[in-house]
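Here is a short set of exercises to work through with the model on your screen. Try each task on your own, then follow the solution step by step.

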Amino acid sequence: MYNKKIITCVTMENPLEDSLFYNDAGADAIAFFDSSATRATLEENISVIKEITASIDIPLIACGGVRKLEDVKKLLYAGASKVCMKTAPLNDISIIRESSDRFGSERIVATIDLTTCEDPITYGKQLKENGAGELLLLHYDKLDNYIEIVKRIRSEVGLPVIASSYSTDEEKIATIMSETSAESISLYNLSRHDVMSIKQACKRQNVPVNLFTSSINFSEFKKDDKGLVPCIVQDYKNGEVLMMAYMNEESFNKTIETGRMTYFSRSRNSLWLKGETSGHYQFVKSLDIDCDKDTILAKVSQIGAACHTGNRSCFFTPLVKKEYNDKNPLTVFKDVYDVISDRRKNPKDGSYTNYLFEKGIDKMLGKFGDQATQVIIKAKNPDPEDLKFEISDLMYFLMTLMVEKNMTWDDVTKELAEREKQ
């Protein structure tokens, strides 16, 4: 059986901050929602969506502001996984067909407002016939028979359904998911939801949702005489070692349940939710056990500092070090890109990079083209040594173009990752 999904909504009030929170706090997707978007504000929204999708790991659905096919294209190209339309198909339903034909029905969501639509079944069928791949059923928590309507639409229209709720009541949200055949629920109340707590409520009502489940029971771990197992904590993106603490069975199970790292404090002889007082939570991304089953490795999204001293990592005091090249080849492109980006924001006298930005896109394109030619010429030589320098220059000019066009390596690597699936 498939797991039902919880989608949390964010608006232009705190879009990036809220998206980052829900990305870590257990949401399965984010809906960026702007019901009052205009032609002018849509461009601003697209910029925000780019920033959000570059920073989160879960899908984003763009909702609001669509008036024509070009708008759908811009939102999808900005990084949205799907586009949701409400008013546009009411004015001209052909936009659903055009968008579906161009981008695929699986990326097109159509909204039915159940408080105003007189015949949602017929309208739902019309949307399906025109290429909608999913339906969002909006109701503002005012319909007593909402659950029955959702069940009928899901059954008679035959499209995947996103139910909706403005409630903050975990059991009520779980009931909607339990008693309808909707594949997802979108939470419109803008108070920050405890998504993992909602999922636990769903679990109590036998609703299948994405939760952490350990493949090995804590009882199988090798513990010390106090029932503790050391846990090494890493940043899930860059691998930085942040801290080391201890877990007992209760803290391990609490971590699995809440998705936030919870330890056992030996000094206080009690459970310790990391960040409970400081706000510097650690959201679980993965937990692994070593070969001897006596040490846990946690990869987390760290909010703020991991160390009580205010340092990002507890391991900030050098003891001994042999000189060696510790440059990570996987981060070189990002490091150079960051330097180029900083030059653009903070110009430096005599900087050739700033000279390129001052001259503009035509100069950059000319230099990139010239350098590409140099790569071709040097590639004909049997000695690859010169080619190394020419390729390095080519990558530099490429990155200046990327910064000029506000494109990041994340944009490129995500596109390459998608191509791996094809």
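**Exercise 1. Decide whether R97 is buried, partly exposed or exposed, then describe its salt bridge with D101.**

Step 1. R97 has a relative accessible area of 31%, so it is partly exposed. The classes work like this: buried is under 20% relative accessible area, exposed is over 50%, and partly exposed is in between (1.4 Å probe, protein chains only).

Step 2. Before going on, a word about the model. It is predicted, so local features need pLDDT of at least 70 and side-chain atom pairs count only at pLDDT 80 or more, while totals for chains, interfaces and linings use all residues. Residues are numbered from 1 along each chain as its sequence is written, and side-chain values use heavy atoms, with hydrogens and water left out.

Step 3. Now look at the partner: D101 is exposed, at 56% relative accessible area. The closest N and O atoms of D101 and R97 are 3.3 Å apart, and a salt bridge is a side-chain nitrogen of Lys or Arg within 4 Å of a carboxyl oxygen of Asp or Glu.

Step 4. D101 and R97 are 4 residues apart in helix α5, which puts about one helical turn between them. An α-helix has 3.6 residues a turn, so residues three or four places apart point the same way.

**Exercise 2. Find which residues of helix α5 are buried and what they pack against.**

Step 1. Helix α5 covers residues 94–103, and I95, I96, S99, S100 and F103 are buried in it. Helices (H or I, at least four residues) and strands (E, at least two) are DSSP runs, numbered from the N terminus.

Step 2. Looking down the axis of α5, the buried residues fall within an arc of 130 degrees, so they line one face of the helix. The arc is taken from the directions from the helix axis to the C-beta atoms.

Step 3. Those buried residues pack against α3 (69–77), β4 (82–85), α4 (87–91), β5 (108–113) and α6 (120–129). Contact here means heavy atoms within 4.5 Å.

Step 4. Just after α5 comes G104, with a positive phi near 100 degrees.

**Exercise 3. Place I96 in the largest nonpolar core and list its contacts.**

Step 1. The largest nonpolar core holds 61 residues, and I96 is one of those that touch the most other members, along with L60, M85, L127, L135 and L137. Such a core is a set of buried Ala, Val, Leu, Ile, Met, Phe, Trp, Tyr and Cys residues joined through side-chain atoms within 4.5 Å.

Step 2. Helix α2 (residues 39–53) gives the most to this core, with 5 residues.

Step 3. Setting aside neighbours within four places in sequence, I96 is in contact with M85, P89, I108, A110, L127, N130, G131 and A132.

Step 4. Another core lies apart from this one; it has 19 residues, including I216, F221, M247 and M261.

**Exercise 4. Work out which parts of the chain are tied together by R192 and D18.**

Step 1. R192 and D18 form a salt bridge, with their closest N and O atoms 3.0 Å apart.

Step 2. R192 sits in the loop between β8 (184–187) and α9 (195–204), and D18 in helix α1 (residues 15–25), so the pair ties together parts that are 174 residues apart in sequence.

Step 3. R192 is partly exposed at 40% relative accessible area, whereas D18 is buried at 14%.

Step 4. Salt bridges that share partners join E17, D18 and R192 into one network.

**Exercise 5. Do the same for D57 and K285: where does each lie?**

Step 1. The closest N and O atoms of this salt bridge are 3.7 Å apart.

Step 2. D57 is in the loop between α2 and β3 (60–63), and K285 is in strand β13 (residues 282–289); the two are 228 residues apart.

Step 3. Both count as partly exposed: D57 has a relative accessible area of 45%, and K285 has 24%.

**Exercise 6. Describe the surroundings of T111.**

Step 1. T111 is in strand β5 and is buried, with a relative accessible area of 6%.

Step 2. Not counting residues up to four places away in sequence, T111 touches C84, M85, K86, Y123, L136 and L138.
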